[in-house]
Amino acid sequence: MDVLVIGAGAIGLSTAISLAEAGLSVTIRTAVPPAQTTSAAAGAVWGAVKVGPPDRVLGWGRTGLEVLSKLAAEPGTGVRMAAGREVSRGPLEPYYWTRLLTDLRDCEESELPDGFTNGWHYTAPLATMPVYLDYLRARFERAGGTLEVSPVASLAGLAGQAPVVVNCSGAAARDLVPDPAVVPVRGQVVIAANPGIEEFLVSRDPEPPWIVYMFPHGDTVLLGGTNDEGNWDTDLKPEIAERIVAGCAAIEPRLRGVEILGHRVGLRPWRPEVRLESEPLGDGVLWHNYGHGGAGISMAWGCAAEITRAVLG
Ligand SMILES: Cc1cc2nc3c(=O)[nH]c(=O)nc-3n(C[C@H](O)[C@H](O)[C@H](O)COP(=O)(O)OP(=O)(O)OC[C@H]3O[C@@H](n4cnc5c(N)ncnc54)[C@H](O)[C@@H]3O)c2cc1C
């Protein structure tokens, strides 16, 4: 084995694929299968929400946008190009990273939901995470990789197991590293039958821990959500689900009385800055790749490429 990757969320799988497709022999160890990770709960539209530092994020985000846009053109990846709006009842400036988008424009008045005064419209890759994670796992195994569901008790204990270890443990890095800069940001979402919504919509109005958004995925629509900092609770909270559906239905009347199909909860691995750096581990090297906050799906390919370049020297 050339490389041992810890974690099979979007970050671990993308990093493992990048290394395996570069010709290295790669094994993933993960505490839970991909479908049970935080990554499985994501919306998931390309963007750089709650992630830093901005200079590196722009580079990782550019790579993510390129790779995900290409995947959107391939069948079976779970990724497609989707149009949508971010809207507000007050003044709203596009984020710095929206400069990477080619078709960003202000919303026409007719495109704003009732009561909203500002917004922008754009097209970006949107992933249906359960399908996308299946695709990533299959692609990793096609490249010769092996995935083991087997929790790691300590990083130091991995010395000597592979010349390169990559730590992609998400919010669990707080204890595993340990790294007190990592804070979970709990996100709960509702999966509903899609009443015909075609464009995604994000309302930037609610105060933390709330946010209102809807992402259509064919026959289903993912409704959100929460941004609850410091909360490790992964249990479904029915009262929060009710509030999510009510918040979305207040903006999009077609969601009133919508059929609920499921619920997901994830812990965004927030850190003021993504930790992408290496340190010695025994005679080998330990790479850290965690702390992607609200943007891990979007940053994954850029971070993976950076580690692969460094490992190949
Ligand atoms: C509701 C919600 C909506 C989101 N929307 C978006 C979006 O629209 N766009 C976007 O880009 N991002 C979005 N995100 C953020 C994104 O989901 C995260 O940034 C991303 O999932 C982080 O991926 P990860 O692989 O680092 O972590 P995870 O997906 O949490 O994976 C961590 C992996 O590490 C493993 N692990 C942990 N500890 C150990 C151990 N001791 N031994 C072995 N394995 C271990 C776990 O089992 C798991 O496999 C959203 C998140 C949420 C919750």
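This is a short dialogue on a strand, a cavity and a ligand site in a predicted model.

Mentor: Local features here need pLDDT of at least 70, side-chain atom pairs count only at pLDDT 80 or more, and totals for chains, interfaces and linings use all residues. Residues are numbered from 1 along each chain as its sequence is written, and side-chain values use heavy atoms, with hydrogens and water left out.

Trainee: What makes β14 a mostly covered strand?

Mentor: Buried means under 20% relative accessible area, exposed over 50%, and partly exposed in between, with a 1.4 Å probe and protein chains only. Seven of the nine residues in β14 (284–292) are buried. A strand itself is a DSSP run of E, at least two residues long; a helix is a run of H or I, at least four, and both are numbered from the N terminus.

Trainee: How do you know that β7 and β14 pair?

Mentor: Pairing needs at least two bridges found by DSSP. β7 (residues 164–167) and β14 have four, so they pair. They run parallel. V165 has L286 as its bridge partner in β14.

Trainee: What makes β13 a partner of β14?

Mentor: Eight bridges join β13 (residues 260–281) to β14, and the two run antiparallel. R275 stands opposite Y290. Two residues lie between the strands of this hairpin, and G282 takes a positive phi near 60°.

Trainee: Why is the largest space called a cavity, and how much space lies in it?

Mentor: On a 1 Å grid over the protein atoms alone, a cavity is a set of points where a 1.4 Å probe fits but cannot get out. Points join across faces, edges and corners, and the volume is the space filled by probe spheres set on them. The largest cavity holds about 40 Å³. The count is one cavity of 30 Å³ or more.

Trainee: Which residues line the largest cavity, and of what class are they?

Mentor: Lining residues have an atom within 4 Å of a point. Among them are W46, L68 and I297. β5 (118–127) gives the most, three residues. Nine are nonpolar, one is polar and none is charged. Nonpolar covers Ala, Val, Leu, Ile, Met, Phe, Trp, Tyr, Cys and Pro; charged covers Asp, Glu, Lys and Arg; the others, Gly among them, are polar.

Trainee: Why does T30 count as a polar contact of the ligand?

Mentor: A polar contact is a pair of N or O atoms within 3.5 Å. An N or O atom in the T30 side chain is 2.7 Å from a ligand oxygen, so the pair qualifies. At C168, a backbone N or O atom lies 3.4 Å from an oxygen atom of the ligand, so that pair qualifies too.

Methods: 1 Å grid on protein atoms, 1.4 Å probe; cavity = no way out; pocket = protein on both sides within 12 Å on 5 of 7 lines; lining within 4 Å. Polar contact = N/O pair within 3.5 Å; in protein donor to acceptor, adjacent residues only side chain to side chain.
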